[in-house]
Amino acid sequence: MSTHTHHGAPADEPTSGPSEEPTNEECADFLERIVRLIDNELEEGDCTIVRAHIDTCSPCLERYDLQRTVKAIVARSCSETAPADLRERVRIQIRAVQVRISEE
C-alpha cells in the first residue's frame, strides 16, 4: 500500500483520471530523474514525464523542492570567500604543520 497523497484530492478520496497513485518503487525510479531534471540533463520528453509525475505526487514534489534548495545552498556557499583574517589564520596553521613535518 502506498503512502502517497495527490494534490487536489483529500487522502480518503480517489484521484480523478485513469492513472493510479504511483508506488514507492516508481517514485524511487523518479528520484534520479528528478536530480537530472534539476541539473538540466534530461531530454525534453523526459522532462515532461518527470514534471507530470511531480505535479501529481506530493512526496516527489517534496524531494524535488529539497534537492533544488540543497543545490542552491551549496552553489551559494561555494561562491562565498572566507574573510581575510580567517584565510590568514589558516595559512599560518598550514605553515606550522609543514614546519613540524619537515623537522621530524
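**Exercise 1. Determine whether Cys27 is buried or exposed in this predicted model, and place it in its surroundings.**

Solution.

Step 1. The relative accessible area of Cys27 is 1%. Residues under 20% count as buried, and Cys27 is therefore buried.

Step 2. Cys27 lies in helix α1, which covers residues 24-38.

Step 3. Cys27 and Cys57 are 30 residues apart along the chain, and their C-alpha atoms are separated by 8.5 Å. Both residues belong to the largest nonpolar core.

**Exercise 2. Describe the overall composition of the protein chain in terms of helices, strands and surface.**

Solution.

Step 1. The chain has four helices and zero strands, and its pattern along the sequence is α-α-α-α.

Step 2. Of its 104 residues, 18% count as buried.

Step 3. The accessible surface amounts to about 8,100 Å², and carbon and sulfur atoms account for 53% of this area.

Step 4. Among contacts with a separation of 6 or more, 44% join residues 24 or more positions apart.

**Exercise 3. Identify the residues of the largest nonpolar core and the helices that supply them.**

Solution.

Step 1. The core has 12 residues in all: Cys27, Phe30, Ile34, Leu37, Ile38, Leu42, Cys47, Val50, Ile54, Cys57, Cys60 and Tyr64.

Step 2. At least two residues of this core come from each of α1, α2 and α3. The largest share, five residues, is supplied by α1.

Step 3. A general tendency offers context: in soluble globular proteins, nonpolar side chains tend to be buried together.

**Exercise 4. Examine helix α3: state its span, its buried residues and the helices against which they pack.**

Solution.

Step 1. Helix α3 has 22 residues and reaches 32 Å from its first C-alpha to its last, close to the 32 Å expected at 1.5 Å a residue.

Step 2. The buried residues of α3 are Ser58, Pro59, Cys60 and Tyr64. Of these, Cys60 and Tyr64 also appear in the largest nonpolar core.

Step 3. The buried residues of α3 pack against α1 and α2.

Step 4. Helix α3 also has an outward-facing example: Leu66 is found in this helix and counts as exposed, at 52% relative accessibility. Together with Val70 and Val74, Leu66 makes a nonpolar surface patch of about 260 Å².

**Exercise 5. How many salt bridges does the structure hold, and which parts of the chain does the pair Arg33 and Asp46 tie together?**

Solution.

Step 1. The structure holds four salt bridges. Side chains of opposite charge can pair when their charged atoms come close.

Step 2. In the pair formed by Arg33 and Asp46, the closest N and O atoms are 3.8 Å apart. This distance meets the cut-off of within 4 Å.

Step 3. Arg33 lies in helix α1 and Asp46 in helix α2 (residues 44-56), so the salt bridge ties together parts that are 13 residues apart in sequence.

Step 4. Arg33 is partly exposed at 24% relative accessibility, and Asp46 is likewise partly exposed at 29%.

**Exercise 6. Analyse the salt bridges Lys71 with Asp39 and Arg91 with Glu88 according to where their partners lie.**

Solution.

Step 1. Lys71 and Asp39 meet through their side chains at 3.1 Å, N to O. Lys71 lies in helix α3 (residues 58-79) and Asp39 in the loop between α1 and α2, so this pair ties together parts that are 32 residues apart in sequence.

Step 2. Lys71 is partly exposed at 31% relative accessibility, and Asp39 is partly exposed at 30%.

Step 3. Arg91 and Glu88 form a salt bridge at 3.3 Å, N to O. Both lie in helix α4 (residues 84-103), three residues apart, and are separated by about one helical turn.

Step 4. Arg91 has 39% relative accessibility and counts as partly exposed; Glu88, at 33%, is partly exposed too.

**Exercise 7. Consider the backbone of Asn40: what is its phi, and where does the residue lie?**

Solution.

Step 1. Asn40 has a positive phi of about 55°, although it is not a glycine.

Step 2. Most residues other than glycine have a negative phi.

Step 3. Asn40 is situated in the loop between α1 and α2. With 70% relative accessibility, Asn40 counts as exposed.

Technical notes
Residues numbered from 1 in each chain as written. Predicted model: local features only at pLDDT ≥ 70, side-chain atom pairs only at ≥ 80, totals over all residues. Heavy atoms only, no water. Buried < 20%, exposed > 50% of the residue type's maximum accessible area, 1.4 Å probe, protein only. Patch = residues over 30% accessible without salt bridge, like charges linked within 9 Å, V, L, I, M, F, W, Y side chains within 5 Å. Areas by Shrake-Rupley, 256 points an atom, 1.4 Å probe, with all protein chains shown as cover. Contact = heavy atoms within 4.5 Å. Core = buried A, V, L, I, M, F, W, Y, C linked by side-chain atoms within 4.5 Å. Expected span 1.5 Å × (residues − 1).
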